[in-house]
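Here's a quick briefing to read with the model open in your viewer. Have a look at the structure first, then work through the notes below.

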Amino acid sequence: METPPVDDSNPALRTLIAQRVAASPGGRLNFAQFMDLALYHPELGYYATHPGRIGGWGDYITAAHLGSDFGELLAVQAAQLWRHLGKPEGFDFVEMGAGQGLFAADFLRHAHANLPDFAAALDYRIVERSAAQLAEQRRVLAGLPVRWCDLEQIAPDSVAGCFFANELVDALPVHQFVVHRGELLEIYVALEGERDFVEVAAAPSTPRLAAFLDRCGIATAPLGEGYRSEVNLAALDWLEAVARRLARGYVLTVDYGYTARQYYAPQHRSGTLACYHRHRVHDNPYLHIGNQDITAHVNFTALQTHGAAYALRSLGFTRQSFFLLALGLGERLAALGAPGAIENNAQLNAALRRREALRTLVDPGSMGDFGVLIQGKNTDPDLPLAGLSLPAQTLS
Ligand SMILES: C[S@@+](CC[C@H](N)C(=O)[O-])C[C@H]1O[C@@H](n2cnc3c(N)ncnc32)[C@H](O)[C@@H]1O
């Protein structure tokens with residue numbers, strides 16, 4: 001029998017959330033409010049307390065931790081978007097949720113070294129919610145042409161360029177629902193004793209949950225008794241905020257996720273919520289509070305449908321494997337074995353490590369299965385996009 005895990009919660013955060021639960025109407029918070037405090041409380045939240053949460057020594061890695069290729073290939077795609085907009089003198093690239101700033105560093109170095117005309121037009125901005133991550137970004141990006149701002153500081157219809165988010169949307173707080181007697185109920189977090197959390201199911205805190213599922217074409221009753229899953233309303237609010245600020249250009253979203261039909265398929269009857277603690281995945285958000293990441297898969301159909309209401313037209317959806325291969329990852333892999341590339345053990349070891357990193361980026365059983373959605377506002381939908389040139393998938 002497996003020994004029960006030792007709880008590694010931050011005691012101060014556990015107490016603070018318990019106090020918030022006790023003080024809230026009905027003595028409960030909805031799950032999205034709980035997740036927001038656990039991840040983003042400004043002093044005690046998971047992302048607030050330690051900049052090294054992501055990475056080999058942290059709880060999970062992202063594509064930017066696998067070397068500079070991801071950022072470099074995205075710079076190649078962004079340069080094409082700049083050309084599609086008619087090579088404006090200023091091209092805004094707004095990265096949202098930049099983690100440790102590794103992606104920005106790889107993107108900027110590659111652009112300045114290899115795409116000088118694009119780099120001259122580039123205005124790279126980062127929007128970051130967590131102060132600890134932001135401080136780390138300033139350290140990692142010292143000397144590189146990048147600036148930081150809040151989303152609210154960006155005026156409506158002012159951005160000409162591209163909003164970019166890698167693994168942002170999966171980190172936004174989600175509501176959870178459960179089907180009971182054919183009805184939609186929401187999951188709330190209440191207290192048992194002074195500090196232990198228990199879940200209760202009750203009427204939804206907002207009509208937006210039912211409206212969301214309705215817009216995805218999902219009827220509640222057929223999901224069956226006890227079916228439980230997530231609804232990411234924060235993702236819709238984020239997309240709307242981004243669309244309103246975009247005058248002309250693109251929104252490029254990379255994340256793990258499903259189409260709506262896959263998301264609410266019978267085999268996902270416990271939902272997609274996952275917790276990451278020291279590279280171990282489990283499904284208990286009430287353990288390791290403040291010291292583990294909590295995520296949920298992204299519903300790409302919802303992003304596409306909601307974006308359309310704010311003039312964001314879906315230009316294509318594909319998987320990261322096809323996206324990066326179309327942008328030249330295969331050539332990078334081939335170059336590792338080119339004549340003269342490996343002449344000693346050190347070079348051989350380096351080539352093997354890089355080969356493994358490139359493989360992970362496109363592995364269909366790993367990051368290669370991530371979704372890539374490109375939406376455009378006031379752009380020419382007939383212009384081909386390099387990253388979508390291999391067979392793209394449809395969202396339905
Ligand atoms: C899962 S990490 C991904 C980091 C990075 N994009 C990468 O790929 O390594 C999510 C990042 O988004 C930030 N974040 C979460 N919500 C945000 C929001 N509403 N606005 C800006 N940043 C946010 C977190 O603080 C964190 O830096």
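Let's start with one pairing: A274 has T295 in β14 as its bridge partner. Keep in mind that this is a predicted model. From that pair we'll go through the sheet around it, then a second sheet, the ligand site and a couple of backbone oddities.

**The three-stranded sheet**

- The A274–T295 pair belongs with the link between β12 (residues 274–277) and β14, two strands that run antiparallel and are joined by 3 bridges.
- Zooming out, the strand order is β13-β12-β14 in an open sheet of 3 strands, with antiparallel pairing.
- Which strands stand at the edges? They're β13 (280–282) and β14 (293–295); each has a single partner strand, so one side of each has no neighbour in the sheet.
- From one strand to the next, the twist averages 25°.
- As background, strands of a sheet pair through backbone hydrogen bonds, and the pairing can be parallel or antiparallel.

**The seven-stranded sheet**

- Another open sheet has 7 strands, and its pairing is mixed. Reading across, you get β4-β3-β2-β5-β10-β17-β16.
- The edges here are β4 (146–148) and β16 (313–319), each of which pairs on one side only.
- Twist in this sheet averages 20° from one strand to the next.
- Inside it, β2 (residues 91–96) and β3 (residues 122–127) run parallel and are joined by 6 bridges.
- If you want a spot to click on, F91 stands opposite L122 in β3.
- Helix α5 (residues 102–114) packs on this sheet, where it touches β2, β3, β4 and β5 (159–166). The direction of α5 makes about 180° with that of β3.

**The ligand site**

- How many residues surround the ligand? There are 17, and the closest are Y40, T62, G97, E128 and N166.
- By type, the shell splits into 8 nonpolar, 6 polar and 3 charged residues.
- T62 has a polar side-chain atom 2.6 Å from an oxygen atom of the ligand.
- G99 gets involved through its backbone: an N or O atom there lies 3.2 Å from a ligand oxygen atom.
- R129 also uses its backbone, with a polar atom 3.2 Å from a nitrogen atom of the ligand.
- How much of the ligand's accessible area does the protein cover? It covers 93% of the 600 Å² that the ligand has on its own.

**Backbone oddities**

- Most residues other than glycine have a negative phi, which is the background for the next two entries.
- K87 has a positive phi, near 50°, and isn't a glycine. You'll find K87 in the loop between α4 (69–84) and β2.
- E167, again not a glycine, has a positive phi near 55°. E167 sits in the loop between β5 and β6 (175–180).

Definitions and conventions. Residues are numbered from 1 along each chain as its sequence is written. This is a predicted model: local features need pLDDT of at least 70, side-chain atom pairs count only at pLDDT 80 or more; totals for chains, interfaces and linings use all residues. Side-chain values use heavy atoms; hydrogens and water are left out. A residue is near a molecule or strand if one of its heavy atoms lies within 4 Å of it. A polar contact is a pair of N or O atoms within 3.5 Å; within protein, one must be able to donate a hydrogen and the other to accept it, and residues adjacent in sequence count only if both atoms are side-chain atoms. Accessible areas come from the Shrake-Rupley method with a 1.4 Å probe; for residues, only the protein chains shown count as cover. Ala, Val, Leu, Ile, Met, Phe, Trp, Tyr, Cys and Pro count as nonpolar, Asp, Glu, Lys and Arg as charged, and the others, Gly among them, as polar. Two strands pair if DSSP finds at least two bridges between them. Helices (H or I, at least four residues) and strands (E, at least two) are DSSP runs, numbered from the N terminus. Axes are lines fitted to C-alpha atoms, for helices over the stretch in contact, and angles run from 0 to 180 degrees between N-to-C directions. Contact means heavy atoms within 4.5 Å.
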